[in-house]
Amino acid sequence: MHRSLLAHRLAPLIVGLLSVSLFLLIWEIAGSTETVRSELVSYPTQILSAFKRLILSGELAQNTLISLREFGEGFAAAIVIGIACGVAFALSRTIRYLFEPIFVALYTAPIIVFVPVLVVWFGIGTTSKSIAVFLSAFIPIAINTTTGIEEISESWVRALRAFGASRTQIIFKAMLPGAIPSIMAGIRLAIGRGIVVLIAGEMYVSMSGIGRLISIYSVAPDGVPEIFVLVAVVATFGYVCVLLFSLIESGLTPWRSHS
Amino acid sequence: MAQLEVKDLSLSYPGSRSGSTFLALDKVNVSIEKGEFVTIVGPSGCGKSTLLMLVAALLRPTSGAVQLNQKDVTKPGPDRALVFQDFALLPWRTVIKNVELGLELKKVPSAQRRKEALKYLDMVELGKFCNHYPHQLSGGMRQRVGIARALSVDPEVLLMDEPFGALDAQIRQVMGLELLRIWERERKTIIFVTHDIDEAVYLGDRVLVMSASPGRVIQEVKISLPRPRDLSLRNKAEFTAYRETIWNLLEKQVQANGAWRQDSALS
């Protein structure tokens with residue numbers, strides 16, 4: 001038992017940690033000994049002290065909170081409206097044919113191009129960024145909800161219909177629960193898209209947020225370590241989001257974990 | 001008066017060629033008494049499952065009517081509960097939650113729902129498995145959940161669409177016995193569709209023999225075998241005689257329709 005646990009769960013972790021540590025070590029040596037130009041690539045201890053500076057000045061916390069809020073608002077709306085649109089598409093061909101071209105266009109166009117217009121409409125504050133996040137995130141959620149519902153087993157719907165279930169009951173007790181795996185895949189896709197448009201939007205036109213910090217430090221002298229810190233913060237946020245939704249998914253789909 | 005009346009029931013689909021129609025059921029008349037166990041046999045494609053779906057009102061007839069207690073059946077409802085060949089359990093619900101489904105749709109309060117569900121789960125001997133998920137159960141156990149779910153809404157008629165068709169031979173026999181035991185206790189009217197002649201004779205008070213294209217009831221065979229029945233019945237002369245009778249009816253019309261080859265290739 002113990003041996004197999006070690007082999008299956010710990011071994012990959014240990015090897016992974018080793019490779020990351022080795023990478024950091026080489027980077028540190030290469031940077032601190034000026035083998036490569038440290039003002040361009042920085043190195044781990046320098047980045048660590050930049051991290052400390054950003055925390056102590058309060059910049060990091062303040063801007064992270066703003067970005068989190070923008071993302072949270074936009075993404076929550078994307079989940080709710082995305083699922084609602086997805087259901088409407090699955091239920092009505094007319095609605096689907098009416099809106100599908102717009103959706104496909106929005107899905108393929110980079111939402112970042114709308115940010116200047118959104119800023120004109122909603123101001124330079126957080127609202128314009130929330131809406132950009134919403135626009136880029138809700139379409140994959142809607143599309144995956146529709147496909148998820150179309151692919152559910154016909155027998156689940158039949159079982160409910162046989163008991164005389166109403167349309168609403170069929171949606172909430174058969175279609176949506178059955179489509180959860182697909183909806184969750186859509187949400188994972190949407191997280192990546194949402195983060196890209198959020199950071200890019202902030203870098204582009206905004207007063208605050210992680211993206212804004214990145215654009216400030218990208219023109220500051222010796223700003224490279226700070227940029228690395230901020231990139232790490234964004235990457236960690238994305239990772240935590242995906243992890244969180246994976247946990248929610250396995251909580252919602254206990255029948256899929258065949259352990 | 002009969003509890004369930006099927007009157008001149010026909011159903012036709014648009015055919016493969018434009019303008020043509022395929023007659024799935026042709027003026028089927030059946031009348032079923034309260035508490036009766038009626039089995040329906042017929043070759044594949046004779047419309048026996050279609051007949052059941054029409055009684056459930058999951059399909060609309062082209063003409064004719066289904067009446068339950070002298071009232072026209074127009075939409076699906078818990079007074080006619082279905083048991084499906086593919087079980088049709090919801091994989092994200094535990095066993096007990098699956099059994100509660102019908103009650104939940106009827107908006108029965110949750111405490112009462114639980115109590116009723118447990119009662120029927122105990123009846124099918126799955127009380128201990130109430131918190132399992134369907135994928136953790138065997139096929140036979142899943143169908144017991146399906147039966148408990150159908151019974152939980154206290155239907156007037158239980159409609160069973162080849163319920164043991166997906167199970168292997170031994171489990172089928174055990175399930176048949178269990179169903180008889182439950183039926184003798186609950187005395188629900190049962191319409192049971194099967195393609196297994198033995199099963200039809202063994203379970204039913206009456207066997208409706210159907211023909212294919214167009215789907216018709218060609219004969220009703222009353223089964224006057226004593227109840228309660230058990231597996232030893234299958235070796236008795238009367239049982240074999242009934243089986244012969246039905247087999248002859250089926251063989252004749254299957255050959256007449258030229259569907260013989262197709263049917264044997266399918267099974």
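**Notebook: a predicted two-chain model**

I began with A:I180, which has 18 C-beta neighbours inside 10 Å and therefore counts as partly exposed. The model is a predicted one, and I kept that in mind for every entry below.

**Entry 1. Surroundings of A:I180**

I placed A:I180 in helix α9 of chain A. I then looked up its contacts, leaving aside neighbours within four places in sequence, and found A:L252 and A:T253. I also checked A:V240, which is 60 residues from A:I180 along the chain; the two C-alpha atoms are separated by 20 Å.

**Entry 2. Domains of chain A**

I looked up how chain A is divided and noted domain 1 at 1-36 and domain 2 at 51-256. I recorded 32 Å between the C-alpha centres of these two domains of chain A.

**Entry 3. The contact between the chains**

I counted the residues on each side of the contact: chain A gives 15 and chain B gives 19. On the side of chain A that touches chain B, α8 (154-162) and α9 (167-204) each supply at least two residues. I asked which element gives the largest share of that side. The answer is α8(A), with 7 residues. I sorted the residues of this side of chain A by type and obtained 9 nonpolar, 4 polar and 2 charged.

**Entry 4. Chain B as a whole**

I turned to chain B and found 8 helices and 10 strands. Its radius of gyration is 19 Å, close to the 18 Å that the globule rule gives for 267 residues, so I noted chain B as being as compact as a globular protein of that length. The C-alpha trace of chain B spans about 55 × 45 × 40 Å along its principal axes. Of the 267 residues of chain B, I found that 44% count as buried. I then took the contacts in chain B between residues at least 6 apart in sequence, and 70% of these join residues at least 24 apart.

**Entry 5. The nonpolar core**

I looked up the largest nonpolar core and recorded 131 residues in it. Which residues have the most contacts inside this core? They are B:L159 and B:I191. I followed B:I191 further, not counting residues up to four places away in sequence, and B:L159 itself is among the residues it touches. The others I listed for B:I191 are B:I32, B:V38, B:I40, B:L52, B:V55, B:V157 and B:M160.

**Entry 6. The open sheet of chain B**

I traced an open sheet of 4 strands in chain B, in the order β2-β1-β4-β5, with antiparallel pairing. At its edges I found β2 (21-32) and β5 (71-72) of chain B, each with a single partner strand, so one side of each is left without a neighbour in the sheet. I looked next at strand β1 (residues 4-14) and strand β4 (residues 63-68) of chain B, which pair in the antiparallel sense over 5 bridges. As one point of reference, I noted that B:L4 has B:L68 in β4(B) as its bridge partner.

**Entry 7. Strand β6 of chain B**

I examined the side chains of strand β6 (residues 80-83) of chain B: B:R80 and B:L82 point one way, B:A81 and B:V83 point the other way, and all are buried. I found β6(B) joined to β7(B) by 4 bridges, the two strands running parallel. Across from B:V83 stands B:M160 in β7(B); B:M160 had already appeared in my list for B:I191.

**Entry 8. Backbone points in chain B**

I looked for unusual backbone geometry and logged a cis peptide bond from B:R227 to B:P228, with omega near -5°. I located B:P228 in the loop between β10 (216-222) and α7 (237-256) of chain B.

I then checked B:A57, which is not a glycine but has a positive phi of about 65°. B:A57 sits in the loop between α1 (48-55) and β4 of chain B. Is B:A57 buried or exposed? I found 20 other C-beta atoms within 10 Å, and B:A57 is therefore buried.

B:D154, also not a glycine, has a positive phi of about 50°. I placed B:D154 in the loop between α4 (139-152) and β7 (157-161) of chain B. With 16 other C-beta atoms within 10 Å, B:D154 counts as partly exposed.

Notes: Residues numbered from 1 in each chain as written. Chains lettered and ligands numbered in written order. Predicted model: local features only at pLDDT ≥ 70, side-chain atom pairs only at ≥ 80, totals over all residues. Contact = placed C-beta atoms within 7 Å. Nonpolar A, V, L, I, M, F, W, Y, C, P; charged D, E, K, R; others polar. Core = buried A, V, L, I, M, F, W, Y, C linked by C-beta atoms within 7 Å. Buried ≥ 20, exposed ≤ 12 C-beta atoms within 10 Å, placed from the backbone. Domains from an automatic or database assignment. Pairing = 2+ DSSP bridges. Rg over C-alpha atoms; globule rule 2.2 N^0.38 Å.
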